[in-house]
Amino acid sequence: MHVTKHKVVTIDYTLTDTLGEVLDTSKGAEPLSYIQGTGSIIPGLEAALEGRSPGDELKVSIPPESGYGQRDESLMLAMPRSAFQGADPIEVGMQFVANTGSSRQMFTIVGIEGEEVKVDGNHPLAGMTLNFAVTVRGVREATVEELDHGHAHSGEDGH
Ligand code: ZN
């Protein structure tokens, strides 16, 4: 069976940056299962996996425009510490979701200077060329329930 739209695809992957630094890997953790053709993984990786079969190994270099997009410096904001009441302690690396106009956006705290907290609304991998080494572990039909939920199920209870 090949990877095509609405197949549940299971992959092992290692993600490195252009310097060879490992940013993320499924090694030592669970393989990733997702539904092809639903935009649940980045477009460049979905395109690279289309038509592949279990056992296939591939290396793909994905530019930002097919990955997490270019960085938007207008999403670098300074907020007063008082805006974080209830979050204690406030630490660099913490992530939170905030409403920005019509959408909800994930922000990461990137710096704290006195009463000023610097936050970044860019995806941590935005602006980066991403090198994936991927092994296709499995391909199967998605169930009606999985398509309804928009994600792959595993195990007895589904989630
Ligand atoms: Zn579900």
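Two exercises with worked solutions follow, on a sheet and on one residue of a predicted model.

**Exercise 1.** Work out which strands stand at the edges of the open sheet of four strands, and why one side of each is left without a neighbour in the sheet.

*Solution.* Begin with the order of the strands, which in this open sheet is S5-S8-S7-S6, with antiparallel pairing. Next, look at the two ends of that order: strand S5 (76-80) and strand S6 (95-100) each have a single partner strand, and therefore one side of each has no neighbour in the sheet. From one strand to the next, the twist averages 45°. To follow one of these edges in more detail, turn to the pairing of S5 with strand S8 (residues 116-120), where the two strands run antiparallel and are joined by five bridges. Within this pairing, Met76 is found opposite Asp120 in S8.

**Exercise 2.** Decide whether Thr14 is buried or exposed, and find which side chains make a polar contact with the side chain of Thr14.

*Solution.* First locate the residue, which lies in strand S1 (residues 7-16). Then consider its relative accessible area: the value for Thr14 is 15%, and because buried means under 20%, Thr14 counts as buried. Now examine the polar contacts, where the side chain of Thr14 meets the side chain of Thr25 at 2.9 Å and the side chain of Lys27 at 3.4 Å. Finally, list the wider surroundings: leaving aside residues up to four places away in sequence, Thr14 touches Val22, Asp24, Thr25 and Lys27, together with Asn131, Phe132 and Ala133.

Notes: Residues numbered from 1 in each chain as written. Predicted model: local features only at pLDDT ≥ 70, side-chain atom pairs only at ≥ 80, totals over all residues. Heavy atoms only, no water. Pairing = 2+ DSSP bridges. Axes fitted to C-alpha atoms, helices over the stretch in contact; angles between N-to-C directions. Buried < 20%, exposed > 50% of the residue type's maximum accessible area, 1.4 Å probe, protein only. Polar contact = N/O pair within 3.5 Å; in protein donor to acceptor, adjacent residues only side chain to side chain.
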